[in-house]
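Colleague: I would like a close look at one part of this model, the nonpolar core. Please start from the whole chain, and end with a few spots elsewhere.

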Amino acid sequence: MSARDQLLVVIDPVARRTDGESVRIAKDVLGAGAGVKLCLPEGPEEFAKALVKRGSRRPVVVGDDRALLRAVAVLHRERALASAVLSVVPVGAAASAVRLARGLGVPAGAVAAARAVLEGTPRRLDLLVDDRDGVVLGDVRIPPVGPQDASAGGAGGERHAWLRTCQSLVRTLGARPSRVVPGGPSRLRVEADGVTLVDLDQPVEGVSVVPGGGGFARVEVHPASVGAEIAPVRARARLVTVSGPDFRYRADAVVTGPVRTRTWQVRPQAWGLTLPG
């Protein structure tokens, strides 16, 4: 049996609690097609330790977007993303909990996703890395509005967040969940590769930064307007800096802030994900 057929299957405790049937199905499909070593972590330390000591086994995360984010964050901190190819079987209590994985191209449903783990093809994807070494797989949004509840960031509340969400594997959760309410226009300076797209004298309704492929991010700024609508400002850049008065942002499933400045850099093809061929 080749190294590709040896899997380390890490099952998020939240997935076990919220959808045990999907977890069982994923285990059955994966076990029928490969050699499987199961890992049932009870805390973030166990989760990280399992990934770091995976050996030649391919890591497979069974869980929601937050579990996937944590896995990428662990491998990034270990500087192991270049050599590791992740796989994921999305399991969450609601569709919003696995929106990121679906957006990356992972199939819906435990059977289809597990088969993609066994039969899919590794793809290298761009990654956003911020100036505090945080990773972004999907997008950055300012203000941090979204359809799901989110939590303010902060490393100090990680252990409390883990316990509150039945040991969810999240890196930068805060201590208290809250529904993010969109506010009024913000005054921000947005720079793309050193070029100022909008300055503090122009209020903005929103900013988004999304990995766009080819080593560039897509940046879109929506200026606030009174009366006639102002067209969005768009750019492609390798380095994006947002600064101004205290602001919060949502990076994938996690809300962070308030901060006064943050810079994101594109790392081309920095991480691997197994997707349907």
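**A close look at the core**

Modeller: Of the 277 residues in the protein chain, 50% count as buried. Keep in mind that this is a predicted model. The chain has 7 helices and 17 strands. Take the contacts between residues at least 6 apart in sequence: 68% of them join residues at least 24 apart.

Now the core itself. In soluble globular proteins, nonpolar side chains tend to be buried together. Here the largest nonpolar core holds 52 residues. Seven of its members touch the most other members: L68, V72, V89, L127, L137, W271 and L273. Helix α4, residues 65-77, gives the most to this core. Its share is 8 residues.

Pick out W271. Leave aside the neighbours within four places in sequence, and W271 still has a list of contacts. V72, L127 and L137 are among them, and these three also appear among the members that touch the most others. W271 also contacts L81 and L104. A run from R123 to D126 completes the list: R123, R124, L125 and D126. There is also a second, separate core, with 24 residues. A192, V198, V221 and F247 are included in that second core.

Next, a pair of helices. Two packed helices are described by the angle between their axes and the distance between the axes. Helix α2 covers residues 20-33, and helix α6 covers residues 110-119. They pack at about 30 degrees, with axes 9 Å apart. Angles under 35 degrees count as roughly parallel, so α2 is roughly parallel to α6. The crossing of α2 past α6 is right-handed. On the α2 side, the contact is made by S22, I25, A26, V29, L30 and G33. On the α6 side, it is made by A110, V111, A114, R115, V117 and L118.

Move on to T241, in strand β16, residues 239-251. Its relative accessible area is 16%. The cut-off for buried is under 20%, so T241 is buried. The side chain of T241 makes a polar contact with the side chain of T263, at 2.8 Å. T241 also touches R189, V190, E191, T261 and R262, not counting residues up to four places away in sequence.

Compare G194, in the loop between β11 and β12. Its relative accessibility is 61%. Exposed means over 50%, so G194 counts as exposed. G194 and R238 are 44 residues apart along the chain, yet their C-alpha atoms are separated by 10.0 Å.

Last, some backbone details. The peptide bond from I142 to P143 is cis, with omega near -5 degrees. P143 sits in the loop between β7 and β8. Another cis peptide bond joins G257 and P258, with omega about 5 degrees. P258 lies in strand β17, residues 254-275.

Two residues that are not glycine have a positive phi. D252 has a phi of about 55 degrees. D252 is in the loop between β16 and β17, and is buried at 5% relative accessible area. Q269 has a phi of about 45 degrees. Q269 belongs to strand β17, and is exposed at 52%.

Technical notes: Residues numbered from 1 in each chain as written. Predicted model: local features only at pLDDT ≥ 70, side-chain atom pairs only at ≥ 80, totals over all residues. Heavy atoms only, no water. Core = buried A, V, L, I, M, F, W, Y, C linked by side-chain atoms within 4.5 Å. Buried < 20%, exposed > 50% of the residue type's maximum accessible area, 1.4 Å probe, protein only. Helix = DSSP H or I, 4+ residues; strand = E, 2+ residues; numbered from the N terminus. Contact = heavy atoms within 4.5 Å. Polar contact = N/O pair within 3.5 Å; in protein donor to acceptor, adjacent residues only side chain to side chain. Axes fitted to C-alpha atoms, helices over the stretch in contact; angles between N-to-C directions. Parallel < 35°, antiparallel > 145°, perpendicular 65-115°, else oblique. Left-handed = near helix turned anticlockwise from the far one by under 90°.
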